Amino acid sequence: MSEQTRRTRVSAAGLYVPLLLGAVVTVTLGVYGSVHTPTGIAVNVAGFSGPQTVKVWLATGAALLALVQLVSAFAMWGKFGPRVPSWIGPLHRWSGRFAFLLTVPVAVHCLYALGFATYDTRTLAHSLLGCFFFGAFTVKMLSLPKRGLPGWTLPLLGGAVFTALIGLWLTSSFWYFTTIGVRF
C-alpha cells in the first residue's frame with residue numbers, strides 16, 4: 001500500500017464518528033416520527049392562513065438560501081475563477097446558518113404535527129429525505145472542524161445536504177404551490 005493511500009485511509013477514518021452520529025440522528029428522527037401520534041398542528045405564525053403555509057414558506061426560504069450556499073461554495077472552490085471576494089466565505093456561513101434555522105420549525109411541524117408519513121410515494125420520499133437531511137447536516141457540521149480529511153469530503157457532504165433540502169422542497173413546497181396554489 002502506498003504512503004498516499006495509507007494517509008487517505010487514515011484521514012477518511014476521521015469521518016467514522018460523524019457518520020455514526022449522523023446515522024443516529026437520521027434513525028432517531030424516523031423512529032420518533034413513526035411512533036409519535038401526530039397532533040395535526042404544531043407551528044403557526046400570525047399573518048399566514050395556517051400552519052401548512054408557514055411550513056411551505058419557511059421551506060422555500062431555506063431552499064433559496066441553499067441556492068446561495070451552492071453558488072458561494074462553487075465560488076470558494078474556484079469554479080468561477082481564481083479571485084474570490086472576501087465576503088463569499090461569510091455569505092456562505094451565514095446563509096447556511098439561516099437556512100438551517102428556517103428548517104427547524106418546519107421539522108418540528110412535520111414530526112410533531114404530521115409524523116413519518118408513508119401513505120403515498122411523495123410523502124414517503126419526503127419523510128425519508130427529512131430524516132436524511134438532518135443526519136447529513138449533522139455529518140457535515142461535525143466534519144467541518146476536522147483537518148486532513150480527503151478533499152472530496154466537504155463537497156460530497158455539502159452536496160448531500162443540498163440535494164436532500166431541495167428534494168424536501170420539491171416534495172413539499174413545490175407540490176403545495178402546484179397542487180393547492182400560492183397562498184400566504
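Here are short questions and answers about this predicted model.

Reader: Why is T60 called buried?
Author: Its relative accessible area is 10%. Buried means under 20%. So T60, at 10%, counts as buried. T60 sits in helix α3, residues 51–76. Its contacts include W169, S173 and F177.

Reader: Is V84 buried, exposed or partly exposed, and how do you know?
Author: V84 has a relative accessible area of 37%. Partly exposed lies between 20% and 50%. Therefore V84 is partly exposed. V84 lies in the loop between α3 and α4.

Reader: What makes V84 fit for a surface patch?
Author: A patch residue needs over 30% relative accessible area. V84 has 37%, so V84 passes that cut-off. V84 joins M76, W77, M141, L144 and L154 in a nonpolar patch. Together they have about 490 Å² of accessible area.

Reader: How many aromatic pairs does the structure hold?
Author: The structure holds 9. One of them is F100 with F134.

Reader: Why is the pair F100 and F134 called edge-to-face?
Author: The centres are 5.9 Å apart, and the planes differ by 70°. A pair needs centres within 6.5 Å, and edge-to-face needs over 60 degrees. Both values pass, so the name fits. F100 is in helix α4 and F134 in helix α5, 34 residues apart.

Reader: What makes F134 buried but F100 partly exposed?
Author: The cut-off for buried is under 20%. F134 has 16%, so F134 is buried. F100 has 24%, so F100 is partly exposed.

Technical notes:
Residues numbered from 1 in each chain as written. Predicted model: local features only at pLDDT ≥ 70, side-chain atom pairs only at ≥ 80, totals over all residues. Heavy atoms only, no water. Helix = DSSP H or I, 4+ residues; strand = E, 2+ residues; numbered from the N terminus. Buried < 20%, exposed > 50% of the residue type's maximum accessible area, 1.4 Å probe, protein only. Contact = heavy atoms within 4.5 Å. Patch = residues over 30% accessible without salt bridge, like charges linked within 9 Å, V, L, I, M, F, W, Y side chains within 5 Å. Areas by Shrake-Rupley, 256 points an atom, 1.4 Å probe, with all protein chains shown as cover. Salt bridge = Lys/Arg side-chain N within 4 Å of Asp/Glu carboxyl O. Phe/Tyr/Trp six-rings, centres within 6.5 Å; stacked < 30°, edge-to-face > 60°. Lists of a residue's contacts leave out its neighbours within four places in sequence.
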